[in-house]
Amino acid sequence: MVAGGPEKRSAASEASEGGEANGHSKIPTMRLAGLIIAALVLGQVEPQDVELQGRLLFEEAELTLRRESDPVRLAHGAIVIAGLAKDVEGSRVEPLLRMAAQALSKLEVESALERERKRTGRVPRVFFRSPYDVDVLWEKWLEQAVGFRVELVREFLPEIRGDERWKGSVLSRIARSVKDDDRARRVLVELSLSQAISFDTVSLLFELREKDPELGRTLFRSALERALRQGDLESLYWLGAYAIPGVNLPNRFPLADPPAPDPGLSRVYIRALVDVLSQVAFQAPRMPTHIYRALVNIRPHAEQFAPEIVPQIDSLLTFVVSRLSPEAIQAAERSDLERATPRPEKIENLERAAQRAKDDKAHDDLMAYAAFLALTDRECERALSLASKIKDRTTRFEMQDLINFNAAVELSGKNQLDHAETHALAIEHPERLAVAVASVLQKLNDRTRADALIARTQARIERLQTGGAKGRAFLYLVGPVLSFDAEQGRFLLSRAIHLFNATKADLNGAVDSVIRIETGEFAIGRVIGSYDLASVVIEAFTKATESDPELVHAPSLAMMWESAEIRAIAQAAIARSFMERAKRGADSIR
């Protein structure tokens, strides 16, 4: 309270009123669902009737969501439904976003990395994000808010209980995605650079370098002054990528064809970097090797752009070297050399080193890394050949699944369906298999061949012991199967819902099907499919509506979900499909 005046209210405290004051009626949930289905069964399917049913279903979805007691599921559902409503029922968007913000503003932003570190007591090498992580939900909320009304971002940014570097990174990434709204983009740029600097900030600055060079330089100088004032070495390393493109600093920004450095910016940057490096070096109880690497790699650029600084760098290097062991210096130099080695040569070096390895663990570590590098070069056959040499059975199968999945998806996109199907069926894990097969089915036009592939996939899925994994696998197949056989697609959807209900599963897709490989020095994690199954639910119910001329099956299937959050998302997906169908019908009448 403010003495002698009215109570101050934050944006978050006002959010609870947004959904209540939107003028929508409060028809009881089950009764409203019955009215919708009854109206459709009675044949009232004129465009205006379908549009009305769409509006009623959006109302139903919002009422259903309000029954969700878990704040993160409530927020997730509200953000997803706001996205579905944006283009067809815009008046619902802001109340839904305010509902989500109210729920999230009470929660600390904790990344998956931080959560795993607290759980295990160590920094995890591989971790997976969940759609229910608070940082992920705020990112999605910010994306929706920018697309709707950017002032919401400025209003709610102080309510987000996260650190500056994370905020700056998210805002920069969203700013880069904004193409057609200069005002929104400028607001995001301003807000992002008021936070700490990250990879995404540098990406944004490079975009401005081409579109608005003067603004880019101004913003760079402002960010540099802020980092210098705060002694923020990590931000300075990132800013070096913009001042001297291609510079090999610890936070390296990859550029295939770096533009020439701006001499003025380079000189200012080098002075600032060396000043902060000096402060950190003389204050550090143990000398970090990244300071040695930064000094060694900035020195040639200092000779070119700021020769008066070179004696200071040499003096500082002498001090740093005196505080480091020879092994630490060799490791830093080896790391820099490895960065510069072309990938094909690196793969050959790793394979040769694996053959000389002292034990199976060291061998598998090198061979797994070699196979992964071959995969990133899209050399699938070579990657599979290297993976087959991994001696540990679990690691070998995980790497082979990763390679076969990537190959199936990539070859499906190129319409090389025979090869894509071969790679998909070679996948060991049934849930991963379902995701790969779904990508093949989306391209198949041969009904007989599709039926055979679906049958083989279903048989493999049935072998799964966990109901949640089986439910997710069936859910992935629903959308593609509906394109071939509406009845079978609805059966698979009903089966998936039953399995979700039985296991009380949520929409976190990063559970059983994730790939996690850790072999000594090498570690990789990959989500197969979608980490957020909301998009898969939306596709399933959109296809179920499109394949249903009478418009009666999809609403009934949506009512089967026991989770209020998932049922609301399914209802909103149907509602959007209804309204889009009504618009197409009205356009055809004109």
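**Helix 9**

Begin by selecting residues 164–177, which form helix 9 in this predicted model. At 1.5 Å a residue, its 14 residues should span 20 Å, and the C-alpha atoms at its ends are 20 Å apart, so the expected and computed spans agree.

Next, select D163, which caps the N-terminal end of helix 9. A side-chain oxygen of D163 lies 3.1 Å from the backbone nitrogen of R165.

Then show the side chains within the helix. Which residues of helix 9 are buried? They are W166, K167, G168, S169, V170, L171, S172, I174 and A175. To see what these buried residues pack against, add helix 7 (134–148), helix 8 (151–156), helix 10 (182–193) and helix 11 (199–211).

**The whole chain**

Zoom out to display the entire protein chain. Its secondary structure comes to 29 helices and 2 strands. Along the principal axes, the C-alpha trace spans about 85 × 75 × 50 Å. A compact globule of 590 residues would have a radius of gyration near 25 Å; the chain has 28 Å, which agrees. Buried residues account for 54% of the 590 residues. Of the contacts between residues at least 6 apart in sequence, 70% join residues at least 24 apart.

**The largest nonpolar core**

In soluble globular proteins, nonpolar side chains tend to be buried together. For the largest nonpolar core here, which has 190 residues, select W141, Y269, I270, M399, L441 and F541; these touch the most other members. Helix 29 (residues 564–589) gives the most to this core, with 11 residues.

Now centre the view on M399. Leaving aside residues up to four places away in sequence, M399 touches A368, A371, F372, A387, I390, I517 and F522. Two of these neighbours, I517 and F522, lead to the next stop.

**The two strands**

Select strand 1 (residues 515–519) and strand 2 (residues 522–526), which run antiparallel and are joined by 5 bridges. Within this pairing, I517 stands opposite I524, and T519 stands opposite F522. The hairpin has 2 residues between the strands, and G520 takes a positive phi near 85°.

Show the side chains of strand 1 and follow them along the strand. Which of them are buried? I515, I517 and T519 point to one face and are buried, whereas R516 and E518 point to the other face and are not.

**Helix 22**

Move to helix 22, residues 417–425. Its buried residues are L417, A420, E421, H423, A424 and L425. Display helix 20 (380–387), helix 21 (393–413), helix 23 (430–441) and helix 24 (447–461) to see the partners against which these buried residues pack.

**G479 in helix 25**

Finish at G479, which is found in helix 25 (residues 467–482). Is this glycine buried or exposed? G479 has a relative accessible area of 1%; the cut-off for a buried residue is under 20%, so G479 counts as buried. Not counting residues up to four places away in sequence, G479 touches E539 and K543.

As a last step, select F372, one of the residues touched by M399, together with G479. The two are 107 residues apart in sequence, and their C-alpha atoms are 31 Å apart in space.

Definitions and conventions: Residues numbered from 1 in each chain as written. Predicted model: local features only at pLDDT ≥ 70, side-chain atom pairs only at ≥ 80, totals over all residues. Heavy atoms only, no water. Helix = DSSP H or I, 4+ residues; strand = E, 2+ residues; numbered from the N terminus. Expected span 1.5 Å × (residues − 1). Buried < 20%, exposed > 50% of the residue type's maximum accessible area, 1.4 Å probe, protein only. Contact = heavy atoms within 4.5 Å. Polar contact = N/O pair within 3.5 Å; in protein donor to acceptor, adjacent residues only side chain to side chain. Core = buried A, V, L, I, M, F, W, Y, C linked by side-chain atoms within 4.5 Å. Pairing = 2+ DSSP bridges. Rg over C-alpha atoms; globule rule 2.2 N^0.38 Å.
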